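Me: Could you take a close look at one part of this model for me, the place where two helices pack against each other, and then tell me how the rest fits around that part? Keep it informal, please.

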Amino acid sequence: MVKIIKNMYLVLILLFLYLPIGTLIVLSFNKSKSMSVWTGFTTSWYSDMFRNSQIMEAIWNTFSIAISSAIIATIVGTLACMGIMAMGKRSKNVLLGVNNIPLLNADIVIGISLMMTFLVFGISLSWGTVLLSHVTFGIPYVLLSVLPKFKQLTPNAYEAALDLGATPSYAFRKIVLPDIGPGIVSGFLLAFTMSVDDFVITHFTRGAGINTISTLIYSQVKVGIRPTLFALSTIIFIVVLIVLIVANIISNRKIAKETI
């Protein structure tokens, strides 16, 4: 009986998570613009989506900002971790506490604060202000991913490499970077994901005519969401699903090689 209840609970959770996505995918193939009437199967919304300059621009803005902000946040966050590791215990704890504030703070507070900061300094809201905002909230996630890897480094390995004649850059590439590499990759992916997913901060810091996927969908909610956005959401879901499947396959192969 307990097993049946557990299975039913699992099914309900899966339905709650994926039934809306399944509905969205079905509606992306509906000839009608209505979400309540099925008038036949069509793929025209997908071709319309690729011909829609507004959607294409939103896709470009979303991923150009996400990739750029993730790269910058990863570089700055990794360098910050190196500085933090050289600090005393008290200074380190204070800085880590400050780093956690953006993680615990509400997005709307961060968004309004950044918007007011830009306006106070006379910076016009644009693509660049969105990029700076995403870098700002991406850095704490990078710190949380990379800093534990620095703490796991073999003590004095870097200094030993220098004593053996290695240059600082060579010792860093060969000794430090391989150990902190997984943390850097995780931090980059986390910053990238948070940027793509963000709406609130982007909404407050974007300029006129600058849209990402999330803000474009929000703007169309008021007048009615067109099926082209259903098609866009379906493509994003499929791409993410493929990436996850490929990542799991690669991970399983690595585990299989290590066990041989």
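Reply: Here is a walk through that helix pair, followed by the overall build and a few single residues.

Keep in mind that this is a predicted model. The pair I'd pick is H4, which covers residues 89-104, and H6, which covers residues 127-151; their axes come within 9 Å and cross at roughly 130°. Since angles over 145 degrees would be called roughly antiparallel and 65 to 115 roughly perpendicular, H4 ends up oblique to H6. On the H4 side, the contact is made by Leu96, Asn99, Asn100, Pro102 and Leu103. H6 answers with Pro140, Tyr141, Leu143, Leu144 and Leu147. Sorted by class, that gives eight nonpolar residues, two polar ones and no charged ones. The polar class here takes in Asn99 and Asn100, both from H4.

Now zoom out a bit. The protein has 11 helices and zero strands, so from the N terminus on the elements simply read α-α-α-α-α-α-α-α-α-α-α. The radius of gyration is 23 Å, well over the 18 Å that the globule rule gives for 260 residues, so the protein is more spread out than a compact globule. Along the principal axes, the C-alpha trace spans about 75 × 60 × 40 Å. Of the 260 residues, 30% count as buried. As for contacts with a separation of 6 or more, 70% of them join residues 24 or more positions apart.

Back to H6, because its N-terminal part comes up again through Thr205, and the accessible area of Thr205 is a good reason to look: this residue is buried, with a relative accessible area of 0%. Thr205 sits in helix H9, residues 200-205. Setting aside neighbours within four places in sequence, Thr205 is in contact with Gly111, Leu114, Met115, Phe118, Leu125, Ser126, Thr129, Val130 and Ser133. Among these, Thr129, Val130 and Ser133 fall within the 127-151 range of H6.

Further along the chain is Ser214, in helix H10, residues 213-221. Ser214 has 18% relative accessibility and counts as buried, because the cut-off is under 20%. With neighbours within four places left out, Ser214 is in contact with Asp198 and Phe199.

Thr154 gives you the opposite case. Thr154 lies in the loop between H6 and helix H7 (157-163), and it is exposed, with a relative accessible area of 53%. The C-alpha atoms of Thr154 and Asp179 are separated by 9.0 Å, and the two residues are 25 apart along the chain.

What about charges? Side chains of opposite charge can pair when their charged atoms come close. The count comes to one salt bridge. In it, the side chains of Asp48 and Arg51 meet at 2.5 Å, N to O. Both residues lie in helix H2 (residues 44-51), three residues apart, about one turn of the helix. Asp48, at 25% relative accessibility, counts as partly exposed, while Arg51, at 63%, counts as exposed.

To come back to your helix pair: the contact of H4 with H6 has no charged residues, and the salt bridge belongs to H2.

Key. Residues are numbered from 1 along each chain as its sequence is written. This is a predicted model: local features need pLDDT of at least 70, side-chain atom pairs count only at pLDDT 80 or more; totals for chains, interfaces and linings use all residues. Side-chain values use heavy atoms; hydrogens and water are left out. Axes are lines fitted to C-alpha atoms, for helices over the stretch in contact, and angles run from 0 to 180 degrees between N-to-C directions. Helices (H or I, at least four residues) and strands (E, at least two) are DSSP runs, numbered from the N terminus. Angles under 35 degrees count as roughly parallel, over 145 as roughly antiparallel, 65 to 115 as roughly perpendicular and the rest as oblique. Contact means heavy atoms within 4.5 Å. Buried means under 20% relative accessible area, exposed over 50%, partly exposed in between (1.4 Å probe, protein chains only). A salt bridge is a side-chain nitrogen of Lys or Arg within 4 Å of a carboxyl oxygen of Asp or Glu. The radius of gyration is taken over C-alpha atoms; the globule rule is 2.2 Å times the number of residues to the power 0.38.
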